Amino acid sequence: MTIDLSSSFKAYDVRGIVGSTITADSVRATGAAFVDVLGLAGATVAVGGDMRPSSPEFIDAFAQGAMARGADVIKIGTISTDELYFACGTLNCAGVTFTASHNPAAYNGIKMSMAGAVPVSSDTGLFEIRDLAQQYLDSGEIPQAERHGTETSRDVLADYARYLRDLVDLSTIRPLTVVVDAGNGMAGLTTPAVLGDAELEALPLEIVPLYFELDGTFPNHPANPLEPANLMDLQAAVREHGADIGLAFDGDADRCFVVDERGEPVSPSAIAAIVAEREIARARSGGDEQPVVIHNLITSKAVPELVEASGGRAVRTRVGHSFIKAVMASEKAVFGGEHSAHYYFKDFYNADTGMLAAMHVLAALGEQQGTLSDLMERYDPYVASGEINSEIEDKTAAVDRVRAHYAEHGPAVTVEDMDGTTFTHPGEGWWFNLRPSNTEPFLRLNVEAPDTATMERVRDTVLGLVRQD
């Protein structure tokens with residue numbers, strides 16, 4: 001079977017259907033190309049994977065390809081994606097993990113990192129790896145390096161848990177009841193290690209587990225908390241147990257979503273705001289006069305407002321983890337937040353970790369006596385539409401219709417082209433962004449306003465223009 005790797009290599013990672021667009025042979029070739037393109041012969045490469053049934057076979061295949069080209073492989077076993085970043089940071093080595101994040105069970109993929117947890121993307125060698133892997137795959141042969149690499153194993157879970165606990169001290173907070181929905185994903189392994197007593201001493205947290213069994217067939221619900229339907233079990237359990245907070249992780253546990261004590265979802269922007277405030281305070285106490293916080297352009301404007309009010313400097317960037325990580329490094333930012341619930345930390349090698357964000361929220365909640373809903377009020381002052389997709393073939397024409405409509409408002413509405421088009425009305429306090437998908441016939445709309453009536457008015461106006469026949 002001939003495989004065209006361009007179908008599975010995306011801008012930031014690899015995603016494919018097991019046995020069709022990603023196979024052991026294609027993974028073996030990718031392992032060899034990874035070493036060659038990044039110049040890793042004689043260097044160390046960490047290799048792990050999530051709980052998907054194909055991950056162990058793919059870990060072995062990648063290791064074979066990498067060792068054939070002279071790299072020394074450390075197998076780090078079954079891991080969350082942020083455990084990979086931890087390993088690449090602490091061991092100062094390149095690495096990969098096999099995961100398809102929140103995608104369905106038929107999928108698997110590869111997230112790649114250079115030493116120091118620097119991401120490998122289309123801008124930093126991913127497509128060159130693809131092209132060389134395609135050559136190896138088509139030839140049916142991987143040339144053997146003069147020195148064949150070695151293989152060792154290492155479990156990083158306990159060190160990962162200890163590292164996170166050193167960043168956020170939860171030992172002195174008030175007792176909290178926490179429902180965690182792992183979705184049969186990797187949080188079923190990392191939550192007991194970090195928040196429970198599986199690896200370290202117990203914290204004042206009563207963990208109520210939902211779907212902690214590692215099962216890459218996802219028998220209970222898809223491991224994608226971004227979809228409201230996948231939060232329903234968590235919301236019901238929080239209310240049933242009278243819990244203080246609920247946490248939901250995606251399949252590879254690099255994203256975390258939060259619900260309050262009523263079972264109501266908390267905006268990822270509000271989570272970004274509260275974590276930003278804490279990280280700014282910590283950085284200022286250490287002598288950083290104006291800590292930098294990164295946020296993408298779809299994050300609530302409450303985030304930059306709170307950053308400035310806390311003595312920090314807010315820097316806006318495009319959507320996407322490679323952009324965020326690059327700006328984190330260039331700006332020496334202490335924290336970065338995305339509306340998709342990816343949270344990035346300077347102290348975590350500029351990489352994203354849902355668990356560390358969750359720990360900050362637990363600390364903020366446990367350091368005071370109020371409820372989470374009361375605590376979050378000041379961090380979530382605006383009304384958002386959430387992301388609304390419209391299936392449009394001519395996306396440019398749809399955006400042009402919206403431009404023409406708001407041009408009638410004259411200078412009151414400002415228009416900015418960065419990662420789509422953002423329209424802002426400073427006087428009325430609303431903004432919206434129209435962003436075309438690169439891979440699907442979708443135009444994505446996000447609206448934010450000071451109140452529900454204004455949000456709905458703007459939302460309906462824009463959708464009417466976008467969806468015109």
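With 469 residues, a compact globule would have a radius of gyration near 23 Å, and the protein chain agrees with this because its own value is 23 Å. The model is predicted. Along the principal axes, the C-alpha trace spans about 70 × 55 × 45 Å.

**Overall build**

The protein chain contains 14 helices and 23 strands. Of its 469 residues, 58% are buried. Among contacts with a separation of 6 or more, 69% join residues 24 or more positions apart. The exposed area of the protein chain comes to about 18,300 Å², and 49% of that area is supplied by carbon and sulfur atoms.

**Empty space**

Rolling a probe the size of a water molecule over the atoms shows where empty space is left. Two such spaces are described here: the second largest pocket and the largest cavity.

The second largest pocket holds about 280 Å³ of space. Its lining consists of 18 residues, and those closest to the centre are Lys301, Pro304, Arg316, Thr424 and Trp431. Five elements each give two or more residues to this lining: the strands β13 (292–296), β20 (414–417), β21 (421–425) and β22 (430–436), together with the helix α9 (302–309). Strand β21 gives the most, with three residues. By class, the lining of the second largest pocket divides into five nonpolar, nine polar and four charged residues.

The count of cavities of 30 Å³ or more comes to one. The largest cavity has a volume of about 40 Å³. Its lining is made up of Leu5, Ser8, Phe9, Val14, Thr21, Ile22, Ser26, Val27, Thr30 and Ile110. Helix α1 (residues 24–38) supplies the largest share of this lining, three residues. Six of the lining residues of the largest cavity are nonpolar and four are polar, while no charged residue takes part.

The table sets out the two spaces by volume, main contributing element and lining class.

| Space | Volume | Element giving the most | Lining by class |
|---|---|---|---|
| Second largest pocket | about 280 Å³ | β21, three residues | five nonpolar, nine polar, four charged residues |
| Largest cavity | about 40 Å³ | α1, three residues | six nonpolar, four polar, no charged residues |

Charged residues are thus found in the lining of the second largest pocket, where they number four, whereas the lining of the largest cavity has none. Lys301 and Arg316 are among the residues closest to the centre of the pocket.

Conventions. Residues numbered from 1 in each chain as written. Predicted model: local features only at pLDDT ≥ 70, side-chain atom pairs only at ≥ 80, totals over all residues. Heavy atoms only, no water. 1 Å grid on protein atoms, 1.4 Å probe; cavity = no way out; pocket = protein on both sides within 12 Å on 5 of 7 lines; lining within 4 Å. Points joined across faces, edges and corners; volume = space filled by probe spheres on them. Nonpolar A, V, L, I, M, F, W, Y, C, P; charged D, E, K, R; others polar. Rg over C-alpha atoms; globule rule 2.2 N^0.38 Å. Buried < 20%, exposed > 50% of the residue type's maximum accessible area, 1.4 Å probe, protein only. Contact = heavy atoms within 4.5 Å. Areas by Shrake-Rupley, 256 points an atom, 1.4 Å probe, with all protein chains shown as cover.
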